[in-house]
Amino acid sequence: MKDNLAGAVWRFGVFAVVSLLGIFALLAIFAQLRFEKENVYHAQFRNITGLKSGDFVRIAGVEVGKVKEITLLPDTTLSVEFGADSSVVLTEGSRAAIRYDNLIGDRYLGLEEGVGGTHVLRPGATIPRDRTEPALDLDALIGGFRPLFRALNPEQVNALSGQLIAAFQGEGASISSFLAQTGAVTNTLADRDQLIGQVINNLNTVLGSLGDESRQFDKAVTSLSELVDGLAARKTDISTALAYVNKASSTIADLLSDARPPLKEVVAENDRASGIVVADHEYFDNILNTLPDKYRELGRLGLYGDFFSFYLCDAVLKVNGKGGQPVYVKLAGQDTGRCAPK
């Protein structure tokens, strides 16, 4: 039993160590942790739009460090603190430039060797503003080529924009690739000249039709202008009417909400009454057939005023007799005058 327990504890310990090492490796990869010894430097810029702490520091495209902190100095100059591997040697001629990493606006800090002194910069030294370069204004650059981009599909726009940014940042082989892309675009437009010509011809036809109907078109525009002016002149009345309509709709909604329960009961009772009428339809048919004659007789009785005159011809008392049989007892009666048998 003890041997099994010791083996389980030993295997669990190995599993826990391996798991911790795996978690640490994942954290190191995804958090981009750096364990190499590095030196810290500073660089001053007049504009660092888009650059933030944690962005990469690269030399010729190779990652050598990260941006640590950005500080605004009293003279509105921005100081960027960055770290670089101890194997990186910066001199008094080194330059720092903010570059675009991709088309969605991410940046990185690029280090380049420029013209200047060859003395090595010590850790903590600062690259002055005259040897730094802010980020390229991508909005202004891409905006200038917007008419061209409208003729391209999204894939061509992405490829052309990437080459354009790389060329203007000095990272492309030359600007010839950009010109080649532009040439391909113009060739594509040239291949579609027949389609473009058809579009222009159709547009000429439409404009010609509008020109032939200029009077009607002018009349329509004038009528529309008068309508708009009329609506503008009565905007107060229209707004008031809309307010009343809104209030009326709210009132109707409240009324329908209050009337819904009794209306539901009326519908239910109507259904019950309809069932009774259908079950005894012969009786109701007889009533509907005899009602007109009865109403005419009642109308004749009411000719003398707002009262009815009745004559007592017979007074019969109905009582229950022996065995539940009805017994009729005549209390009064006459058979003359209006009571005479017909």
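Me: I'd like to begin with Leu 203. In which helix is Leu 203 found?
Reply: Leu 203 is found in helix α6. Keep in mind as we go that this is a predicted model.

Me: Which residues form the nonpolar patch on the surface?
Reply: Leu 203 joins Val 206, Leu 207, Leu 210, Phe 217 and Val 221 in that patch, and together they have about 560 Å² of accessible area. Two or more residues each come from α6 (193-212) and α7 (214-233). Helix α6 gives the largest share, with four residues.

Me: Let's turn to the sheet. How do strands of a sheet pair?
Reply: Through backbone hydrogen bonds, in either a parallel or an antiparallel way. Here you can trace an open sheet of eight strands with mixed pairing, in the order β7-β1-β4-β3-β2-β6-β5-β8. At its edges stand β7 (126-127) and β8 (132-133); each has a single partner strand, so one side of each is left without a neighbour in the sheet.

Me: In which sense do β1 and β4 pair?
Reply: They are antiparallel: strand β1 (residues 38-45) and strand β4 (residues 78-85) pair over eight bridges. To find one of them, start at Asn 39 and look across to Ala 84, its bridge partner in β4.

Me: Now the loops. Where is Ala 60 found, and is it buried or exposed?
Reply: Look in the loop between β2 (56-59) and β3 (62-72). Ala 60 is exposed, with a relative accessible area of 80%. Its phi is near 55°, a positive value in a residue other than glycine.

Me: And what is the phi of Thr 76?
Reply: Thr 76 has a positive phi of about 65°, although it is not a glycine. This residue sits in the loop between β3 and β4, and it is exposed at 59% relative accessible area.

Conventions:
Residues numbered from 1 in each chain as written. Predicted model: local features only at pLDDT ≥ 70, side-chain atom pairs only at ≥ 80, totals over all residues. Heavy atoms only, no water. Pairing = 2+ DSSP bridges. Patch = residues over 30% accessible without salt bridge, like charges linked within 9 Å, V, L, I, M, F, W, Y side chains within 5 Å. Areas by Shrake-Rupley, 256 points an atom, 1.4 Å probe, with all protein chains shown as cover. Salt bridge = Lys/Arg side-chain N within 4 Å of Asp/Glu carboxyl O. Buried < 20%, exposed > 50% of the residue type's maximum accessible area, 1.4 Å probe, protein only.
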